[in-house]
Amino acid sequence: NVEQTAFSMQPGEVSQVMQVGHQYIILKCEEHLPPREPPKNYEASLRESIRESKLRDVAGDIFKKLQEQSRVEVIFNDPEKSRQMPGVAAIVNDKKLTTMELADECISRHGVEILGGMISRKVLQQECKKRNITVTEQDEDAEMAHAAVLMGKVKSDGSADLDMWLKHVKEEQGLDEAIYVNDVVWPSAALKKVVGQSVIVSDDDMKKGFEANYGPRVRCL
């Protein structure tokens with residue numbers, strides 16, 4: 001449809017809005033270009049390019065059939081099966097895939113990132129313990145409520161809509177609630193308790209904040 005529209009327009013003409021997948025596009029024809037002169041020996045590279053494209057399609061179909069024909073039993077996310085078969089992550093065509101193999105793969109892909117988060121959390125935990133600070137469930141709820149209000153996820157009375165906020169976190173950020181609380185909410189709440197009353201909002205801060213939120217505005221396109 002896009003190709004037919006592009007070739008049917010005259011220079012300067014603008015198309016109707018067209019849906020392409022989950023997006024919408026508008027085309028403007030700038031000029032018609034003549035065919036290009038193919039380079040010498042173009043057939044070999046063109047043939048290889050077409051072959052590679054068709055190979056990807058065929059490979060995808062074959063892999064889909066292989067998956068359908070395979071006997072796969074996932075153990076890792078089933079508590080009962082995990083107790084019955086400790087150390088096994090999955091069984092693929094009677095061959096065991098161990099949790100150690102899964103762990104090695106996870107570490108190789110995400111180890112550095114996860115380790116950084118674990119180190120940061122451990123540092124915070126040690127500082128909280130040193131200062132005898134406890135982050136309660138109420139602290140976590142208050143932190144989530146604060147984030148929800150800042151992002152406009154509120155009920156009709158203006159209070160935080162936690163259900164809507166957690167749904168947004170899951171759908172937009174791809175985070176499970178437990179991971180979100182562990183990796184984002186708890187560290188934020190802990191840091192605020194560690195900082196305590198050391199942050200002071202001055203009159204100049206208030207003036208700048210007022211101007212930014214309630215002062216004159218300009219809209220630019």
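This is a chat between a trainee and a mentor about a predicted model.

Trainee: Hi! Let's start with helices. How do the axes of H5 and H7 cross, and how far apart do they come?

Mentor: Happy to help. H5 covers residues 137–150 and H7 covers residues 177–195; their axes come within 9 Å and cross at roughly 100°.

Trainee: What does that make H5 relative to H7?

Mentor: Roughly perpendicular, because angles of 65 to 115 degrees count that way.

Trainee: Which residues make the contact?

Mentor: From H5 you have Asp139, Glu140, Glu143, Met144, His146 and Ala147. H7 brings Tyr180, Val181, Val185, Trp186, Ser188, Ala189, Lys192 and Lys193.

Trainee: And how many of those are nonpolar, polar or charged?

Mentor: In the contact of H5 with H7, seven are nonpolar, two are polar and five are charged.

Trainee: Switching topic to cysteines. How many disulfides are there?

Mentor: The count comes to zero, with a disulfide taken as two cysteine sulfur atoms within 2.5 Å.

Trainee: Is Cys29 buried or exposed, then?

Mentor: Cys29 is buried, since its relative accessible area is 6%. Cys128 is buried as well, at 4% relative accessibility.

Trainee: One last spot: where does Thr5 sit?

Mentor: You'll find Thr5 in helix H1, which spans residues 2–8. Its relative accessibility is 16%, so Thr5 counts as buried, the cut-off being under 20%.

Trainee: What is Thr5 in contact with, leaving aside neighbours within four places in sequence?

Mentor: Those partners are Ser15, Met18 and Leu27.

Note on methods
Residues are numbered from 1 along each chain as its sequence is written. This is a predicted model: local features need pLDDT of at least 70, side-chain atom pairs count only at pLDDT 80 or more; totals for chains, interfaces and linings use all residues. Side-chain values use heavy atoms; hydrogens and water are left out. Axes are lines fitted to C-alpha atoms, for helices over the stretch in contact, and angles run from 0 to 180 degrees between N-to-C directions. Helices (H or I, at least four residues) and strands (E, at least two) are DSSP runs, numbered from the N terminus. Angles under 35 degrees count as roughly parallel, over 145 as roughly antiparallel, 65 to 115 as roughly perpendicular and the rest as oblique. Contact means heavy atoms within 4.5 Å. Ala, Val, Leu, Ile, Met, Phe, Trp, Tyr, Cys and Pro count as nonpolar, Asp, Glu, Lys and Arg as charged, and the others, Gly among them, as polar. Buried means under 20% relative accessible area, exposed over 50%, partly exposed in between (1.4 Å probe, protein chains only).
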